[in-house]
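Good morning, colleagues. I would like to take you through one structure today, beginning with its ligand and then turning to its sheets and helices. Please have the model open as I speak.

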Amino acid sequence: MQGRSPFLIVANRLPVDRAEEGTWRRSPGGLVTAIAPVLQRREGAWIGWHGAPDERLEPFDHDGMHLIPVPLSDSEVELYYEGFSNATLWPLYHDVVAPPVYSRVTWEAYRTVNERFARATAESAAENAVVWIQDYQLQLVPAMLRKLRPDLRIGFFLHIPFPPVELFSQLPWRREIVEGLLGADLVGFQRPGGASNFVRLCRLLLGLQHQKHEIHLDGRVVRAGAFPISVDFGELDSLVREPHIIERAKEIRAELGDPECMLLGVDRLDYTKGIAQRLKAFEELLCEGSIKAGEAAFVQIAPPSRERVEEYGRLRDSIDRQVGRINGEQGEFGLQPVQYMHQSYGREELASLYLAADVMVVTPLRDGMNLVAKEYIACHNDLRGALVLSEFAGAADELRQAFMVNPYDIDGLKRMMLTAMRATPHDLSRRMRSLRRRVATYDVDRWAKGFLAALEA
Ligand code: GDG
């Protein structure tokens, strides 16, 4: 077992993107930030796809991390990733807000690719190594891996919601998925409700005994639990204290025509994020005169996502139309109430936007956690700013001082957006102080350490 790793992360994607020919750069995002130091400390390895189809790469080192690429063919990207992961599991796990596609062909590809990940992990893990598998693309890996390597300690974390039995049962391969997850020693969810759904499913579908969140099978115990993910609070908090970020935030407001109130949305363009609902609420507020066009500006950042999946193409067209209609009907010369940016921005620009915004509007119809909400809070050491937050985001469990909404209730959403816009500085700072205490204490480092401590206990 020489040269094998005592600690492995297994995820659909490696934590790097290609820069220029032959060079790599670390991908942005909390997961990588949280896990990279653990990998470096423990001489671990990360197993995942490197992002280019039909290409085989040898393992390589980057940024103190040992990376083991798993190849995917172009057709596997289409069937396993865009198909089963993103056209079946994603909508099914998000309350079927879009209809899931059940296809035997994409399921087969999902199984094949999961098997490949399990083999790559089995070959790279040292005796008794700790393995941490990430997310819905790899739910069969725990059981496949346990079969190959019963000596390993296996953890699994689901970043998206885990649905109630009544919805999950639609899945023609429900049994295989649950049995796949049960290969782990610890199955982590964002919310306690996800862990309860899973345990209940094990009982109802497989007839397994459990005590609270401990499931008994084959003489083993599988534990389920909630481990709410978070952000790198310290990094964002110091970033927004930099003079160039503060300057840029002022510039952004000036570019918008110095509105009294700037509202902001930041989401991958995804139908689970409730973008249409928040725009509708804003449109009605303008239409009925509750707010004037020059008084408020709505900035919606929505980088493209999963564009080859059909439902995402439809969403793109419908948001394009909605924004066009609002600006066409409610705007004036040189004054567009909605600034819709269908592109991705750098970390610093994003931080400046968060800092500039008076009201952050986070209205997912269902969301595992929602890091944008926590990032906004981390960026407001000025104690200014209001967070409008959907009760259907995992973050709602922790961020009780936000302006809570049901995004399906457009009247309620309108009322809460107005309340947030008109809240007194005293009320805002009281709420923000408490929100910041929470996010500063439970940051992403604490999440990773908490999960690993439970896995190794
Ligand atoms: C999944 C779950 C769970 C967004 N636009 C830009 C950009 N972003 C960054 C945000 C944030 C991240 O992307 C999005 O994270 P979310 O948590 O909001 O949502 P998902 O992508 O759906 O993530 C979710 C998460 O996994 C972690 O477990 O919270 O529930 O669905 O960090 O800042 N980043 C940059 N430019 C952009 O234009 N650089």
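A polar contact, as I shall use the term, is a pair of N or O atoms within 3.5 Å. Please also bear in mind that this is a predicted model.

Let me begin with the ligand. It is surrounded by 20 residues, and the closest are H159, Y345, D367, L371 and E375. Which residue places a polar side-chain atom 3.0 Å from an oxygen atom of the ligand? That residue is K273. For D367, an N or O atom of the side chain lies 2.5 Å from an oxygen atom of the ligand. With N370, by contrast, it is a backbone N or O atom that is found 3.0 Å from a ligand oxygen atom.

I turn now to the sheet with parallel pairing. Six strands make up this open sheet, and their order is β15-β14-β13-β16-β17-β18. The edge positions belong to β15, residues 338-341, and β18, residues 403-405; each has a single partner strand, so one side of each is left without a neighbour in the sheet. On average, neighbouring strands here are turned by 20° against each other, direction ignored. At one edge, β15 pairs with β14, residues 296-301, in the parallel sense over 4 bridges. Within that pair, Q300 of β14 stands opposite Y340 in β15.

Two helices should be considered together with this sheet. Helix α14, spanning residues 410-422, lies across β13, β14, β16, β17 and β18, and its direction is at about 170° to β18. Helix α12 lies across β13, β14 and β16, running at about 140° to β13.

Helix α12 also has a helical partner. Two packed helices are described by the angle between their axes and the distance between the axes. For α9, residues 243-255, and α12, residues 347-356, the axes come within 8 Å and cross at roughly 65°. The crossing of α9 past α12 is right-handed. From α9, the contact is made by H244, I245, I246, R248, A249, I252 and R253; from α12, by E348, E349, A351, S352, L353, L355 and A356. How many residues of each class take part in this contact? There are 8 nonpolar, 2 polar and 4 charged residues.

Next comes the sheet with mixed pairing. This open sheet is formed by 10 strands in the order β5-β6-β4-β1-β7-β8-β9-β12-β11-β10. Its edge strands are β5, at 60-62, and β10, at 209-211, each of which pairs on one side only. Direction ignored, the average turn between neighbouring strands in this sheet is 25°.

At the β5 edge, that strand pairs with β6, residues 65-69, in the antiparallel sense over 3 bridges. There, F60 has L67 in β6 as its bridge partner.

Further along the order, β9 and β12 pair in the parallel sense, with 4 bridges between them. F189 is the residue that stands opposite A226 in β12. Strands β11 and β12, for their part, run antiparallel and are joined by 4 bridges. E214 finds its bridge partner, R223, in β12. The hairpin of β11 and β12 has 2 residues between the strands, and D218 takes a positive phi near 45° in it.

One helix lies across this part of the sheet. Helix α7, residues 192-206, lies across β9, β10, β11 and β12, and runs at about 150° to β12.

Finally, I would draw your attention to R191. Where does R191 sit? It is placed in the loop between β9 and α7. Leaving aside residues up to four places away in sequence, R191 touches A226, R366, G368, E391, F392, A393, G394, A396 and D397. One of these, D397, makes a side-chain to side-chain polar contact with R191 at 2.9 Å. A226, also touched by R191, is the residue of β12 that I mentioned opposite F189.

That brings me to the end of the tour, and I welcome your questions.

How values were computed
Residues are numbered from 1 along each chain as its sequence is written. This is a predicted model: local features need pLDDT of at least 70, side-chain atom pairs count only at pLDDT 80 or more; totals for chains, interfaces and linings use all residues. Side-chain values use heavy atoms; hydrogens and water are left out. Axes are lines fitted to C-alpha atoms, for helices over the stretch in contact, and angles run from 0 to 180 degrees between N-to-C directions. A crossing is left-handed if the near helix is turned anticlockwise from the far one by less than a right angle, and right-handed if clockwise. Contact means heavy atoms within 4.5 Å. Ala, Val, Leu, Ile, Met, Phe, Trp, Tyr, Cys and Pro count as nonpolar, Asp, Glu, Lys and Arg as charged, and the others, Gly among them, as polar. Two strands pair if DSSP finds at least two bridges between them. A residue is near a molecule or strand if one of its heavy atoms lies within 4 Å of it. A polar contact is a pair of N or O atoms within 3.5 Å; within protein, one must be able to donate a hydrogen and the other to accept it, and residues adjacent in sequence count only if both atoms are side-chain atoms.
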